[in-house]
Amino acid sequence: MAKHPTPLLDQLEEGPWPSFVSDIRQEIAHRKENPNQVSFQIPADAPEDLLGLLEESYRDRETHWKHGGVVGVFGYGGGVIGRYCDQPEKYPGVAQFHTLRVAQPSGKFYSTSYLRQLCDMWEMRGSGLTNMHGSTGDIVLIGTDTPQLEEVFHDLTHQLKTDLGGSGSNLRTPAACLGRSRCEFACYNTQEVCWHLTQEYQDELHRPAFPYKFKLKFDGCPNGCVAAMARSDLAFVGTWKDDIRMDQEAVRAYIGGEFPPNAGAHASRNWGPFDIEKEVIGRCPTHCMRWDGRNLHIDNKQCVRCMHCINVIPRALRIGTEQGASVLFGAKAPVVHGAQLGSLLLPFIPMEPPYAEVEDLIEKVWNWWADVAKNRERLGETVKRLSLQQLLDATGLPPLPQQIRAPRTNPYMFFRENEVPGGRNRDLKAFRSRHQH
Ligand code: SF4
Ligand code: SF4
């Protein structure tokens, strides 16, 4: 019999979709069936108390979690998110129920033995409940009490050889798609650069000194498997400078039905014969493709590297050879100004070790943002408030025509002193005569 009645939560288990309530109940059942399997270090019925408290929140339409102080592990300023409930007598299992963020491996490659060790450790020292993964990419360990924090940290670092992730106003755990380890579309080694910068910026990751959170994400191509351009303050999205590589024989093989399109995905459904006009050329966002009956033509100057055509006929079209990344800034989920997608900061940056250019750019952005941002203001919000011009000035990047939203309507021109020969004491007459037509 359930410890707490949960009529409202029960409704969340109806319907065909997966339910986190069912997941929690699975853990409750597992703990009851195996009471002696591990020596639980927090109350074994913590997941039941969690459901009871959540039911009260649904009924009262307000949260019953409260902030009761900063918790963490020695030497780190982030990685632990303190949670206390406001009814500890009624729900002792979740009186303290802190969350830990654990750094995910680059590309999220795990061995089963690692996952088993992690789950066994968490079964013993916490609620047994995890979230794979949080939106930063971290493994999230949900719910333990304060005395267990150092113990978990010790087990993570000594036995599992892994680290806490970021939380609070610091660099969040950088995330990368699986890139060249498995994907032919990767324009750079996402996992290597992610690993390199994670090591390089340990201080920024573990000691919050920023105005607010800052996320770095690395997508190997514009398919965006870690959604860098939607979810990171600085997004590195793989791209190429030269032409899409084409194999006309293979194009004809797709048209002739020899190769299944979309790499054979959806083979269980009959989509009819492949139609290159309809499925590739007609869907090119810049209409820069043409089929002359024998050969496919691409006006590469107009191509925006959206990946659509390459995704559909990957054996015929390949990314170019001059590879690197575009840098976008300012994506975030809604808090102050609503959700924002990233905007282009730099069209192309080489992504080669030792990544000096990448680090230089990141640090220029951080230095400017740390100086001018308000407390709890994401990079995209700072730029919205102060202008993209200021970010470009701080990074030394030239403005691009594509960064202008609308032609200017103000006929007055203002120059800064350093833009005018002679500065403050310039000879205005001579200056005007040089600039008037
Ligand atoms: Fe492959 Fe591109 Fe996805 Fe990375 S983002 S895994 S390169 S498709
Ligand atoms: Fe068109 Fe996108 Fe293919 Fe470029 S990558 S040619 S924009 S469909």
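Biologist: In which helix is Leu 388 placed, and what makes a stretch of residues a helix?

Modeller: In this predicted model, Leu 388 belongs to helix α14, residues 388-395. The name applies because a helix is a DSSP run of H or I of at least four residues, while a strand is a run of E of at least two, each kind being numbered from the N terminus.

Biologist: Which residues does Leu 388 touch, and how far is its C-alpha atom from that of Trp 17?

Modeller: Leaving aside residues up to four places away in sequence, Leu 388 touches Phe 329, Val 383 and Gln 403, where a contact means heavy atoms within 4.5 Å. Trp 17 lies 371 residues from Leu 388 along the chain, and their C-alpha atoms are separated by 43 Å.

Biologist: What conventions stand behind such statements?

Modeller: Residues are numbered from 1 along each chain as its sequence is written, and chains are lettered from A and ligands numbered from 1 in the order in which they are written. Local features need pLDDT of at least 70 and side-chain atom pairs pLDDT 80 or more, while totals for chains, interfaces and linings use all residues, and side-chain values use heavy atoms, without hydrogens and water.

Biologist: How do you know that β9 and β14 pair?

Modeller: Two strands pair if DSSP finds at least two bridges between them; β9 (residues 234-240) and β14 (residues 323-329) share 7 bridges in the antiparallel sense, so the definition is met. Gly 238, for instance, stands opposite Ala 325 in β14.

Biologist: Which strands of the sheet β7-β8-β9-β14-β15 are called edge strands, and which helix packs on this sheet?

Modeller: The sheet is open, has 5 strands and shows mixed pairing; β7 (175-176) and β15 (343-349) are its edge strands, since each pairs on one side only. Helix α12 (residues 356-372) packs on the sheet and touches β8 (216-219), β9, β14 and β15, its direction making about 155° with that of β15. The axes are lines fitted to C-alpha atoms, for helices over the stretch in contact, and the angles run from 0 to 180 degrees between N-to-C directions.

Biologist: Why is one side of β2 and of β5 left without a neighbour in the sheet?

Modeller: In the open, antiparallel sheet of 4 strands ordered β2-β4-β6-β5, β2 (80-81) and β5 stand at the edges with a single partner strand each, so one side of each has no neighbour in the sheet. Within this sheet, β5 (residues 129-132) is joined to β6 (residues 139-144) by 4 bridges, and β4 (residues 98-102) is joined to β6 by 5 bridges. Val 140 in β6 stands opposite Asn 131 and is also the bridge partner of Arg 101. Helix α5 (residues 146-159) lies across β2, β4 and β6, at about 15° to β4.

Biologist: What makes the peptide bond between Met 132 and His 133 noteworthy?

Modeller: That bond is cis, with omega about 5°, and His 133 lies in the loop between β5 and β6. In the same hairpin of β5 and β6, which has 6 residues between the strands, Gly 137 takes a positive phi near 110°. Another cis bond runs from Pro 353 to Pro 354, with omega near 5°.

Biologist: Which residues are around ligand 2?

Modeller: They are Cys 284, Pro 285, Thr 286, Cys 288, Met 289, Ile 298, Cys 303, Val 304, Cys 306, Met 307 and Cys 309, a residue being near a molecule if one of its heavy atoms lies within 4 Å of it.
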